[in-house]
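Hi,

Here's the structure I said I'd pass along. Have a look, and my notes follow underneath.

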Amino acid sequence: MYYFWKFILYFSEFCIIYTIAINIFYNGQMLISVADLFGYLKKMKASDYKRYVNSKNMVPISILVPAYNEENTIVDNIKSLLALNYYEYEIIIVNDGSTDSTRDKIIREFDLVQISQPVKKSLETKEILGLYRNPKYERLILVDKVNGGKADALNAGINLSTYPIFASIDADSILENDALIKLTMLFVEDPETIAVGGIVRIANGSVIKEGKLVKMEIPKNKIAVFQIVEYLRAFLTGRTSLSKLNSILIISGAFGAFNKSVVIECGGYKTNTIGEDMDIIMKLHKKMLDEKKTYKIKFLADPICWTQAPESLKDLRVQRRRWQIGLFDNLLQYKSMLLNPKYGKVGMVTIPYYWLFELIGPVVEFLGYIFIPLAYLFGLLEFNSFLIFFLIAFLLGSTLSMGSILLEQISFRKYTTFGDTMRLVLFALLENLGYRQLTILYRIEGLLKFNKSRHSWGTIKREKFKGSEKGTSA
Amino acid sequence: MTKQAFYLLWISGGLISVFFLAIVVTWLYGHFLTKSLAHLNRKLNVLFSSFKLATHEEEQEAVTRIADYVGRSPRKKEILIGIIVAQGEDFIESNAERLARLYEQTGIRTYLVRQLSSKRDYIKALGCRYLGDLAIKPAEKDIHALMGSSNNDVIYHALLALAKLGNPRSLAEVLVENSDRISLSFRAVVEILTVFKGSKEELFINTIERSDDYLKGILIKAAADYEFESLSSYYIRYLDSDNKNLKIASIRALGQLKNAAFEVYLLEMLRDQEWEVRAAAAKSLDKTGTSKSFAALEKMAGDPEWWVRHNAAASLVAIPGGKDYAARILDGEDQFAREAIIGVMERSV
């Protein structure tokens, strides 16, 4: 019994130190992000990037959109892609054996007809059933294939793509008009760039018409607002700071651009996994560092991709479980890179950070919520320490969210009304009082179901974008 | 533990309060700044419109009114610069003399030239950009001095500005003298050459012979879009280069001329060892080729490399009479060629 009490006590103290450490680490990331974002904004002020919009010298790009049961959003998505400001690009929609009317909706909306076209098979994929085009929309091509998962669909898109750079975009996402030009400018400016990720923001509540975001609003749904705060924190601070260290490990599957030849050399996207977006980046790091090549993988906080966040707890649970399983799967897959000096900052800083804080973090935090009250109840911890742990967990967690909102205000200022800004502030404070704990449970569930669910995506209900139906008022 | 925790508590509590205040202050600042900028913008737009419409006699008065309003305010100068740039290159070019007087009297030239000596690189880059956009030629020397900068972005913007000012000798000198030191991407240099306002032919001739293969390739690529027949002898000469990129640039430039007289050179390049060269030659024949290319393109449609097959098929179908010729391949035994032709023909419907 003595050892049990000792364990509770030491573990409680470990949880307190861990919570402080994780929050200090995240706040440190924020400081790096501030420096990087300001540097970027200054650069963009001097940049004449709009000139590239109609430049024939801009590198042409293939946009790959894997679609599985996306009948509600796919047409809007294609319209937004057709309206992009870019001189030369192609849009390859890969219908990955959808069981709904995704394929038929696209064919009907854009009057596509089946064509016969040879495909260069750089990567192995499931069988392609048909290619569809319409000369009126010469940028657009629809690939209909047997279901093989998102990674397989992306590989099929790569096989069909014509251009040296490709961008992968989720079918439930909308790109801002200048997003592509800002993203590809990095490939142009620095030939060592092999991948670039763009910021993903939440479109719930905003009005989208003809594939364009026309009015930005904070959604009424509370779960979606919490996610806006989460996304601001994750992208504006987390990814920006890791990008500064050239050790970003995830480029969101929702929006990223890649050097095609390097991806093909790596064998393309890994199929039969649910963390293909992380896998491809890990693979690229490993290959380049194994071959001692200089390279850059970057994240840009400016090119914006709007996506739909889950609005129900059921969908949120599926999403978070999936993310955690994908993370675990990838960290296991590339465990040889962990604390391996050969892999530089990636192996010595970023991968340990992901193991320690992103993978194990939810478990430690969850156990902390159990053991610290226990330690207090059994008289092992003073009330002061008990109270202060919860206050620190709440306050330090909130500083990061508040800092991200401030960063957003100073830099991009997408939420313009005072009411929307204050609502974000309120949710940044409330986030740590229930929502955060809930997502921790979902993430732990992901770890527990790792073996059973590591190959299954699960389904999330997609809604039509607000204002996307004809006749809907903005 | 308790003491340290209390400190942390105070720190995080303090941070939250500071962040909250900062969010409110930033929002208010942004809100009023937007309003104030909109007001300044409206006012300056009105003043600039009267300058635009002013007759020769009225012009001085209009300039004085703008200069009085702008005064020493950097913000007003920035807005005025934005308004002038928004008028477009044609307006700036055709009103160069009038605008030069405006720049002098409002202090825009001095303001921008002063930016070039700023300690911050992005200010220097911005200064270069505006000097180029506004075509402030007297600043050429000051921009030239930035070529010694260690910051690539500054050099890029300085080169862009020099290109916009359009002095071929000056830009040629900079490019040739600094080609070893300037580490700019291929496309960045192409962009610089593309925005060059002077005679591109003259710039090309002044530079090409003194450049290394890297720069030669870029120059040819940049010149290709302008379809200067007079440069064809250079393109033909570099088809024999050992440098693959230079060879490909020359092939593309020849193709861009859309002149059947150069078909023979491109057909020769279809035999190259490097598939990228064959692919470029096959593609370039779509605008230059005649029926003399049919047989060679038919052969290339069965090339071991996918891109060569694809480009050859596309060119064959694009050349007048090529579709009928291509139909023969559909009955042939070469499966690769057959697939390539079918794909291209269906896309061209």
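The centres of domain 1 and domain 2 of chain B, taken over C-alpha atoms, are 56 Å apart. Domain 1 of chain B covers residues 25–106, and domain 2 of chain B covers 258–349. Keep in mind that this is a predicted model.

Next, the interface. On the chain B side, 38 residues are in contact with 41 residues of chain A. Five helices of chain B each put at least two residues into that side: helix 1 (2–53), helix 7 (121–133), helix 9 (152–165), helix 11 (186–194) and helix 21 (335–347). Helix 1 of chain B gives the most, with 16 residues. If you're wondering about chemistry, the side of chain B that touches chain A splits into 21 nonpolar, nine polar and eight charged residues.

I also looked at a helix pair inside chain A. The axes of helix 9 (residues 313–333) and helix 13 (residues 418–448) of chain A come within 7 Å and cross at roughly 50°, so helix 9 of chain A counts as oblique to helix 13 of chain A. The crossing of these two chain A helices, 9 and 13, is right-handed.

Which residues meet there? From helix 9 of chain A you have A:Leu316, A:Arg317, A:Arg320, A:Arg321, A:Gln324, A:Ile325 and A:Phe328, and they meet A:Thr439, A:Tyr442, A:Arg443, A:Glu445, A:Gly446 and A:Leu447 in helix 13 of chain A. By class, that contact has five nonpolar, three polar and five charged residues.

Cheers

How values were computed
Residues numbered from 1 in each chain as written. Chains lettered and ligands numbered in written order. Predicted model: local features only at pLDDT ≥ 70, side-chain atom pairs only at ≥ 80, totals over all residues. Contact = placed C-beta atoms within 7 Å. Helix = DSSP H or I, 4+ residues; strand = E, 2+ residues; numbered from the N terminus. Nonpolar A, V, L, I, M, F, W, Y, C, P; charged D, E, K, R; others polar. Domains from an automatic or database assignment. Axes fitted to C-alpha atoms, helices over the stretch in contact; angles between N-to-C directions. Parallel < 35°, antiparallel > 145°, perpendicular 65-115°, else oblique. Left-handed = near helix turned anticlockwise from the far one by under 90°.
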